Amino acid sequence: MSFEDEHRAVILLISADRYTALHQWLLELLSSQTTASEIKLIDLSGEFNLDHGELTTNNNCVIQDFDHAAILERLWEQLNPHATEWWKLLDIANKQSIELPPLPGIDDLTRLLLFSEALDCTSTDKLLIAILPTPLHAFKILGMAQQGPALIDELLEPLLNWWDTTRKTLSAVEKILRLRLPSSQKLRLNDALKNRFYLLKKTISNRSNHHFTLILDGKNYKPEQIKRRLSVAGMHRALPHILIVEEASKAVNIEIKNECQNGPITVNESITIPDLKQKVIATHPNNSYDLIEKWNAESLCVEIFLPGVSKAGLNVQQIDETLHLIFNGYCRRIILPTEFSSKQCERAQITNSWLSLWFSNG
């Protein structure tokens, strides 16, 4: 694999079951770097407590730890003056960030905010390494990252649009009661934040723009459990480039390799770091080696790489122009491209870990 441009920034993602495996991978990767280019290491896990001194010795490495409270405070300071009228209406204008309600999932949003800022500040000659939480949590975060600004817009837009309509109908009441009802514009994403989330989406959605190494525990998990975890990665569109099943038996490794051999996942039996001299990212985003979805407008067929997924447990539903793939309680939503938007999915088949879907004119 190679870069389109040798000066292009390298984005490496790593998630592991065991800290020892993650630590070994990091040490080997950092010790292999011979250039003077700056290395940015962000720990999005918030749990590994990295040894900064050990990892930064003899290399130009800067480490940034995930601090949810600090990021939330900074975000609140940015939003507070921007939406003062709203906060006064909700009686939270004078509150500090630590007084705000602990909304579910807000820590994952602050992780993505930190990641998007790191991407935005990474120049083309740098190496950015992102340490993700343990695998199942990492898949969720990577799935969220691919939504970009829609991650927030889809939650806020319906409410904000409703408010704009309601505000117009209350204009007379507003004058009588001498109220000043704030506009929804004060709560919409600013351009800087939107651009960062667009960059995040572009980086994670396109496997050519990053390189993801996943290290699973092969000693304490059965092959069926490992394949189930791979299916969760597929449901979140978060399949790794390199899969390492640590301390797995030879038979288990063969079984996992057979599951992945027809797709863009390289399965290794021991800790492997990306060879940056040989390049780690596909030359072109449409390189067939790296594709996990193949759309054929002529035959009206799409192939989706889903290791660990069986047809018996898979439920495929099409609602208007959206496909919903449901497996073991997880759902992957796929917006149909223009050529398929007026077609109807009529047949499904899984062969060698590839799900094939055929469409007709309905």
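**Reading a predicted fold by its definitions**

Modeller: Strand S11 (residues 322–327) and strand S12 pair in the antiparallel sense over 6 bridges, and one of these places is Phe-327, whose bridge partner in S12 is Tyr-330. Please keep in mind throughout that this is a predicted model.

Colleague: What makes S11 and S12 count as a pair?

Modeller: Two strands pair if there are at least two bridges between them, and S11 and S12 have 6 bridges, so they satisfy the definition. They belong to an open sheet of 3 strands in the order S10-S11-S12, with antiparallel pairing.

Colleague: Why are S10 and S12 said to stand at the edges?

Modeller: Strand S10 (314–319) and strand S12 (330–335) each have a single partner strand, so one side of each is left without a neighbour in the sheet. Neighbouring strands of this sheet are turned by 20° against each other on average, when direction is ignored. Helix H10 (residues 223–235) lies across S11 and S12 and runs at about 35° to S12.

Colleague: In the other sheet, what is the order of the 7 strands?

Modeller: The order of this open sheet is S3-S2-S4-S1-S5-S6-S7, and the pairing is parallel. Strand S3 (61–65) and strand S7 (266–268) have a single partner strand each and therefore stand at the edges. From one strand to the next, the twist averages 20°.

Colleague: How do you know that S5 is paired with both S1 and S6?

Modeller: The same cut-off of at least two bridges applies. Strand S1 (residues 10–16) pairs with S5 in the parallel sense over 5 bridges, and S5 pairs with strand S6 (residues 242–246), also in the parallel sense, over 5 bridges. Leu-13 has Phe-212 of S5 as its bridge partner, while Asp-217 has Glu-246 of S6 as its bridge partner.

Colleague: What makes S5 mostly covered?

Modeller: A residue is buried when its relative accessible area is under 20%, and in strand S5 (residues 211–217) this applies to 7 of its 7 residues. His-211, Thr-213, Ile-215 and Asp-217 point one way from S5, whereas Phe-212, Leu-214 and Leu-216 point the other way, and all are buried.

Colleague: Why do H5 and H9 count as roughly perpendicular to each other?

Modeller: Angles of 65 to 115 degrees count as roughly perpendicular, and the axes of H5 and helix H9 (residues 191–205) cross at roughly 85°, coming within 9 Å of each other. The angle falls in that range, and the two helices are therefore roughly perpendicular. Among the residues that meet are Leu-112, Phe-115 and Glu-117 in H5 and Arg-196, Phe-197 and Leu-200 in H9. By class, the contact of H5 with H9 has 9 nonpolar, 2 polar and 3 charged residues.

Colleague: Why does Glu-117 count as buried?

Modeller: Glu-117 has a relative accessibility of 13%, which is under the 20% cut-off, so the word buried applies. Leaving aside its neighbours within four places in sequence, Glu-117 is in contact with Arg-74 and Arg-196.

Colleague: Why, then, does Leu-109 count as partly exposed?

Modeller: Partly exposed is the class between buried, under 20%, and exposed, over 50%, and Leu-109 in helix H5 (residues 106–120) has 23%, so it belongs to that class. Not counting residues up to four places away in sequence, Leu-109 touches Met-144 and Leu-151.

Colleague: Which classes do Arg-237 and Leu-300 fall in, by relative accessibility or accessible area?

Modeller: Arg-237, in the loop between H10 and S6, has 25% and counts as partly exposed. Leu-300, in the loop between strand S8 (293–296) and strand S9 (301–305), has 16% and is buried. For Arg-237, phi is near 50°, a positive value in a residue other than glycine, and for Leu-300 phi is near 50° as well.

Colleague: How do you know that the span of helix H1 agrees with what it should be?

Modeller: At 1.5 Å a residue, the 13 residues of H1 (residues 19–31) should span 18 Å, and the end C-alpha atoms are 18 Å apart, so the values agree. The buried residues of H1 include Leu-22, Trp-25, Leu-26 and Leu-29.

How values were computed
Residues numbered from 1 in each chain as written. Predicted model: local features only at pLDDT ≥ 70, side-chain atom pairs only at ≥ 80, totals over all residues. Heavy atoms only, no water. Helix = DSSP H or I, 4+ residues; strand = E, 2+ residues; numbered from the N terminus. Expected span 1.5 Å × (residues − 1). Buried < 20%, exposed > 50% of the residue type's maximum accessible area, 1.4 Å probe, protein only. Contact = heavy atoms within 4.5 Å. Axes fitted to C-alpha atoms, helices over the stretch in contact; angles between N-to-C directions. Parallel < 35°, antiparallel > 145°, perpendicular 65-115°, else oblique. Nonpolar A, V, L, I, M, F, W, Y, C, P; charged D, E, K, R; others polar.
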